[in-house]
Amino acid sequence: MGNFFNSNVMTTALLFAVFSCYGESMLPLLPDGHKVGVESVCYNDIEPGDVIVYEVQINHLPVAERSKALDPIYVDWQRSIKNGKLRIMHRVILKVPGKNGYLILKGDNNPTADKFKIRAENIVGKVNLLGF
């Protein structure tokens, strides 16, 4: 379903970290195992076209998606869960501004957009360095 990643450098005050991509949703830009640099970003500085990292609580997923996360066949999901949060790296396709603003994201290789409305508190950072 998604291009997910994991990191051992996750903090609430993320400035810059290196993450590994998992899955095929961001092909051809980000293949499985690819390393990227992710930096802190303010919601107001995110624009459509940016690739960002966000996280959602696993219990907020639709039931069908939660069952995938627990199934050993869905390795991408398992590698992307840390402390009960699923981390996803996708491209912003829509930004709704304002106090209750949110983002809609989609993997470049996915047929449909993600099911989540991503708010500022869900954002981990913005991909700013590809391919190392």
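**Exercise 1. Overall make-up**

What percentage of the 132 residues in the chain do buried residues make up? Describe the fold and the surface as well.

*Solution.* The model is a predicted one.

Step 1. Buried residues account for 42% of the chain's 132 residues.

Step 2. Counting secondary structure elements gives 2 helices and 8 strands. Their order along the sequence is β-β-β-β-α-α-β-β-β-β.

Step 3. Consider the contacts in the chain with a separation of 6 or more: 62% of them join residues 24 or more positions apart.

Step 4. The chain exposes about 7,000 Å², and 55% of this area is supplied by carbon and sulfur atoms.

**Exercise 2. A salt bridge between a loop and a strand**

Find the salt-bridge partner of Asp-50, and state which parts of the chain the pair ties together.

*Solution.* Step 1. The general principle is that side chains of opposite charge can pair when their charged atoms come close.

Step 2. The side chain of Asp-50 forms a salt bridge with that of Lys-126, with an N to O distance of 3.5 Å. The cut-off for a salt bridge is 4 Å, so the pair qualifies.

Step 3. Asp-50 sits in the loop between strand 3 (35-39) and strand 4 (51-57), while Lys-126 belongs to strand 8 (residues 123-130); the pair therefore ties together parts that are 76 residues apart in sequence.

Step 4. Asp-50 has a relative accessible area of 15% and is buried. Lys-126, at 21%, is partly exposed. The boundary for buried is under 20% relative accessible area, so the two residues fall into separate classes.

**Exercise 3. The surroundings of Lys-126**

List the residues in contact with Lys-126, leaving aside its neighbours within four places in sequence.

*Solution.* Step 1. Lys-126 lies in strand 8.

Step 2. With those neighbours left aside, its contacts are Gly-37, Val-38, Glu-39, Val-41, Asp-45, Asp-50, Val-51 and Ile-52. One of these, Asp-50, is the salt-bridge partner from Exercise 2.

Step 3. For Gly-37, the separation from Lys-126 is 89 residues in sequence, and the C-alpha to C-alpha distance is 8.3 Å. Contact is judged by heavy atoms within 4.5 Å, so the C-alpha distance does not decide whether the two residues are in contact.

**Exercise 4. A network around Glu-55**

Which residues are linked with Glu-55 in a network of salt bridges? Work out each pair, its place in the chain and the burial of its members.

*Solution.* Step 1. Glu-55 lies in strand 4. Its relative accessibility of 17% makes it buried.

Step 2. The side chains of Lys-85 and Glu-55 meet in a salt bridge of 3.6 Å, N to O. This pair links distant parts of the chain, with Lys-85 in strand 6 (residues 85-96) and Glu-55 in strand 4, 30 residues apart. Lys-85 is partly exposed, at 31% relative accessibility.

Step 3. Glu-55 also forms a salt bridge with Arg-87, at 3.3 Å from N to O. Here too distant parts are linked: Glu-55 in strand 4 and Arg-87 in strand 6 are 32 residues apart. Arg-87 is buried, with a relative accessible area of 3%.

Step 4. The side chains of Glu-55 and Arg-87 are also joined by a polar contact of 3.3 Å.

Step 5. Put together, Glu-55, Lys-85 and Arg-87 are linked in a network of salt bridges.

**Exercise 5. The total**

How many salt bridges does the structure hold?

*Solution.* The structure holds 4 salt bridges. Among them are Asp-50 with Lys-126, Glu-55 with Lys-85 and Glu-55 with Arg-87.

Notes: Residues numbered from 1 in each chain as written. Predicted model: local features only at pLDDT ≥ 70, side-chain atom pairs only at ≥ 80, totals over all residues. Heavy atoms only, no water. Helix = DSSP H or I, 4+ residues; strand = E, 2+ residues; numbered from the N terminus. Buried < 20%, exposed > 50% of the residue type's maximum accessible area, 1.4 Å probe, protein only. Areas by Shrake-Rupley, 256 points an atom, 1.4 Å probe, with all protein chains shown as cover. Polar contact = N/O pair within 3.5 Å; in protein donor to acceptor, adjacent residues only side chain to side chain.
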